[in-house]
Amino acid sequence: MLPFVIRLHSLSIPAHFRPSNLLSCSSSAASAVPPLKPFSVVEYLLDSWGLSAAEASKASLSLSGLKSSEKPDYFRNFLKSQGFTDSHIKRIINICPGIVCIKVEPKFRSLLDAGFSQSDLVEIITSYPYILNHAMRSVVPKLEFWDRLFGSRELLVKRLKQKWFFSYSVEKRILPNLKFFMDVCGISEEKASQATRSRPEFLAQKPDSIQALVRKADELGVPRQSPMYPRLLIALYGINKEKFEAKRKLFTSLGWSESDFFTAVRKTPTLLTISQPHIRRKIEFFVKEVGCSPSFITQHPVILLYSLDKRVIPRFQVLELLKSENLWTAKGSLLSYIIPSDKKFMEKFVLPYKEKVPKLVDIYRWPSREVSV
């Protein structure tokens, strides 16, 4: 009797409320919900970081294990709060994609505590984001050492952009080399600092490389007590034996004797760093246009360090124009016209005559013509 009553009762229930239909409805409803879409690194980088398709594809190779946007969102938002622009942040992820997953705030705070300004860090991290991959307990002492050696925070910030900077131990490589210069070569820390400001990686060489450069400098006959000695070492560091010989042959092909060449190098070691086309053009200009004798250039090789286009030629044209107007007669050495600062040259040769010869200002537009030594 009971089964019959149940069956009869169920027949009186609307079809869409019967248990079997309820189950089928819930089943079909569940199957209608789309599955969660897996996190796409490429799409995320395209949408949230503004990378191009090629950039996003390349960066994603370093972020293959990324399952959500939580860490890179935190990284990006923190940098924005510290003054980084979208273009800064895009550059960072393009250079070092994996860095966007680190805890950036503690490292950033450590660098601020070390005395770097917010604007310094924007410049440094944008240029060399790998700095954030290093442990700050090793980075900060290294920064303090170089800051003291350079004596210039601006120069330190500039050098921090170079990849080699964090590759060498101060204790194991830099300090021993500095000690060698001071104890063996007799170079003071101040002179070593001045010399290495232009090429600080010089101090990161292997000891035997340093010693070979010292032997070469000694062979050239520059006394270790000479202020030119540290500069000669730096110049030799930037040129191998083949390039040195090529420079020597170039000078002799232009009428110099070997003795002239070595004399010039001892007086102005930086001469070795000038490219051969520039050397040829400068010597030809001074000899053919200005009328200098080769012996004069040999005795005053410093004139070859100045930019022809930005300094020498404009000044030569100013003096030639003044001579043509009978406003100036050649007096003094060529050095007295080339070496003075732009300001002094303007005050002596341009400003006093600009009313009579307006063209002077067109020839020599200061301060756009900075010295290039």
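This text follows the salt bridges of a predicted model, with particular attention to Arg248.

Side chains of opposite charge can pair when their charged atoms come close. In this model, the count comes to 13 salt bridges. Two of them may be considered before turning to Arg248.

Glu105 and Arg109 form a salt bridge in which the closest N and O atoms are 3.4 Å apart. The two residues are separated by about one helical turn, because they stand four residues apart in helix H7 (residues 104–113). Glu105 is partly exposed, with a relative accessible area of 30%, and Arg109 is partly exposed as well, at 35%.

Another salt bridge joins the side chains of Lys343 and Glu347, at 2.7 Å from N to O. Here too, four residues within a helix, H21 (residues 342–350), place the partners about one helical turn apart. Lys343 has a relative accessibility of 45% and counts as partly exposed; Glu347 is partly exposed at 42%.

The next pair connects two helices. Arg248 forms a salt bridge with Glu258, their closest N and O atoms being 2.5 Å apart. This pair links distant parts of the chain, for Arg248 lies in helix H15 and Glu258 in helix H16 (residues 258–267), ten residues apart. Is Arg248 buried or exposed? Its relative accessible area is 14%, and therefore Arg248 is buried, the limit being under 20%. Glu258, in contrast, counts as partly exposed at 40%.

Arg248 also has a polar contact with the side chain of Glu245, at 2.8 Å, through its own side chain. Glu245, Arg248 and Glu258 are thus joined in a network of salt bridges. Leaving aside residues up to four places away in sequence, Arg248 touches Glu258, Phe261 and Phe262.

Conventions
Residues numbered from 1 in each chain as written. Predicted model: local features only at pLDDT ≥ 70, side-chain atom pairs only at ≥ 80, totals over all residues. Heavy atoms only, no water. Buried < 20%, exposed > 50% of the residue type's maximum accessible area, 1.4 Å probe, protein only. Polar contact = N/O pair within 3.5 Å; in protein donor to acceptor, adjacent residues only side chain to side chain. Contact = heavy atoms within 4.5 Å. Salt bridge = Lys/Arg side-chain N within 4 Å of Asp/Glu carboxyl O.
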